[in-house]
Amino acid sequence: MITARIARSSDLLVAAPVRGLASEVPRLLAALDGFRPEAVGLGLPTEEVKGLVDYFVLADAEPVVPLTSNELAEVNGLVRFGEVAVPNPSFVGALAWGRRRGVPVAPLDPSEEDTATMFAETIGYVELVRRTVRERRVGRSPPTPSQPDEYALEWDRAVARGRGSRAYARAKDSHLVGEVDRLTPGRARVAVVVDRERFDGVGALLRAGRT
C-alpha cells in the first residue's frame, strides 16, 4: 500500500492498497486509525458500496463471488504474495472501520450507469478489441515482479495502455476528485481510498486543484 498527504480545503490522506491482497487490510486500517479522518471516500460507485455493506459488512455469511476469467487470472498471479480475497478486502475493511467508529464512508466513483456511458464515450471499437486482446494476453501470462505493488501497476499497464483506456481512467479520476470536493466542506481530515493503480492519477488531480 502507498499513501500520501495532500492539503486542499481539508487535509487529505490518499491510501492505495493493492486490490485483493488481504495483508493490505491491517495496513490500511492502521493508517486510518493514525489519521483519524472525519469521513472516508472510496473509489467505488454507489451500487458497489451498498452491495459490500449489505452482503459483506452486515451479512452473517459471505456469498460466493463469481469471477470472470480475467479476474481469476489476476488473482492467480497475485496469490504468490499472500492470501487474496474477493471482493477487495481493503474496501470491505474500510466500510467496517467506518461503521465501528461512526465515521461516514462515501462512494466517489460515478454510478454504474454513468460509468458505462463514460466507457462508451472514451473507448472506441478498435480500442475495445485491443483491450480485450491485451486482457487475454496478460491473463495467460501474468506479470512476475518481486513486489505486489509493481504487480498491480504492471497488470494495469498491460491492459489499459491505449489512448482510449487512459482517457477513461482520467474521466473516472476527475469525477472522483469532484466528489472529494463535495465530501470535504466542514471537515478537517478526509481519507480517500483507491486501488493502487489509480494512486498517481488521483494524486496528480488532487494536487493540481489544491486550495
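This report walks through a few helices and single residues of the structure above.

The model is predicted, so local features need pLDDT of at least 70 and side-chain atom pairs count only at pLDDT 80 or more, while totals for chains, interfaces and linings use all residues. Residues are numbered from 1 along each chain as its sequence is written, and side-chain values use heavy atoms, leaving out hydrogens and water.

**Two helices and their buried sides**

Let's start with helix 2, residues 46-57. Helices here are DSSP runs of H or I with at least four residues, and strands are runs of E with at least two, numbered from the N terminus. Val 49, Leu 52, Val 53 and Phe 56 are the buried residues of helix 2. Seen down the helix axis, these buried residues fall within an arc of 115°, so they line one face of helix 2; the arc is that of the directions from the axis to the C-beta atoms. An α-helix has 3.6 residues a turn, so residues three or four places apart point the same way. On the face turned away from the buried side, helix 2 carries the exposed residues Lys 50 and Tyr 55. Buried means under 20% relative accessible area, exposed over 50%, and partly exposed in between (1.4 Å probe, protein chains only).

The buried residues of helix 2 pack against strand 3 (39-42), helix 4 (89-101) and strand 4 (105-107). In helix 4, 10 of the 13 residues are buried, so helix 4 is largely enclosed by the rest of the structure. Among the buried ones are Phe 91, Leu 95 and Trp 97. Their cover includes helix 1 (24-35) and strand 5 (189-193).

**Three residues to find**

| Residue | Place | Relative accessible area |
|---|---|---|
| Tyr 125 | helix 6 (residues 125-140) | 68%, exposed |
| Ala 188 | loop between helix 8 (163-183) and strand 5 | 41%, partly exposed |
| Thr 115 | helix 5 (residues 112-122) | 16%, buried |

Which residues do Ala 188 and Thr 115 touch, not counting residues up to four places away in sequence? Ala 188 touches Ser 10, Asp 11 and Glu 38, whereas Thr 115 touches Pro 110 and Tyr 168. Contact means heavy atoms within 4.5 Å. The C-alpha atoms of Ala 188 and Arg 8 are separated by 9.9 Å, although these residues are 180 residues apart along the chain.
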